[in-house]
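Biologist: Hi! Could you show me the model, and then we can chat about it?

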Amino acid sequence: MTILDETTCWELLSTADVCRLAVAVGNDLEVFPVNAAVDGGTLVFSTGEGTKLAAVPIARSVAVEADGYDAATREAWSVVVKGYAERLEHFYDIERAESLALRSWSDHPKQWFVRVTPRSVSGRRFAVSSR
């Protein structure tokens with residue numbers, strides 16, 4: 001296993017098709033798939049009305065995890081971003097988010113944007129067993 005530096009973590013995050021957002025809601029943890037884009041040293045995703053959007057202003061911390069696999073090298077990777085999330089409300093921030101390459105897997109309306117600002121970024125790369 002190799003511990004990845006932060007630059008490599010961000011490069012890998014920019015290639016992820018889907019990430020998982022973990023957030024504490026009440027006394028429970030919720031995990032949601034999100035299609036996120038790297039924006040500088042942050043992650044941005046779009047969402048519609050619902051639990052994710054409602055949890056953002058009250059959650060003290062969130063985590064975003066993404067992983068991938070390179071068949072050519074038989075190596076997998078995993079990156080975790082821990083930080084806080086905020087709904088984008090200022091015109092400049094929304095306009096910037098709209099210019100990102102956000103790819104949604106669903107046709108559900110996603111009119112809100114959320115930015116995750118990290119406190120920590122960590123990642124690992126490891127060889128996949130042939131068993």
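Here is a short chat about confidence, contacts and a cavity.

Biologist: What should I know before reading this one?

Modeller: It is a predicted model, where local features need pLDDT (the predictor's confidence in each residue, from 0 to 100) of at least 70 and side-chain atom pairs count only at 80 or more, while totals for chains, interfaces and linings use all residues. Residues are numbered from 1 along each chain as its sequence is written, and side-chain values use heavy atoms, leaving out hydrogens and water.

Biologist: Where is confidence lowest, and where is it highest?

Modeller: Helix α2 (residues 51-55) is lowest at a mean of 80, and helix α1 (residues 6-13) is highest at 97; helices are DSSP runs of H or I with at least four residues, and strands are E runs of at least two. The chain averages 89.

Biologist: Thanks! How many salt bridges are there?

Modeller: The search finds five, counting a side-chain nitrogen of Lys or Arg within 4 Å of a carboxyl oxygen of Asp or Glu. One of them joins E65 to R20, with the closest N and O atoms 2.5 Å apart.

Biologist: What does that pair tie together?

Modeller: E65 is in strand β6 (residues 62-70) and R20 in strand β2, so the pair links parts 45 residues apart in sequence.

Biologist: New topic: which residue has its charged end over the ring of W112?

Modeller: That is R87, 4.3 Å from the ring centre; the rule wants NZ of Lys or CZ of Arg within 6 Å of the centre and within 35 degrees of the ring normal.
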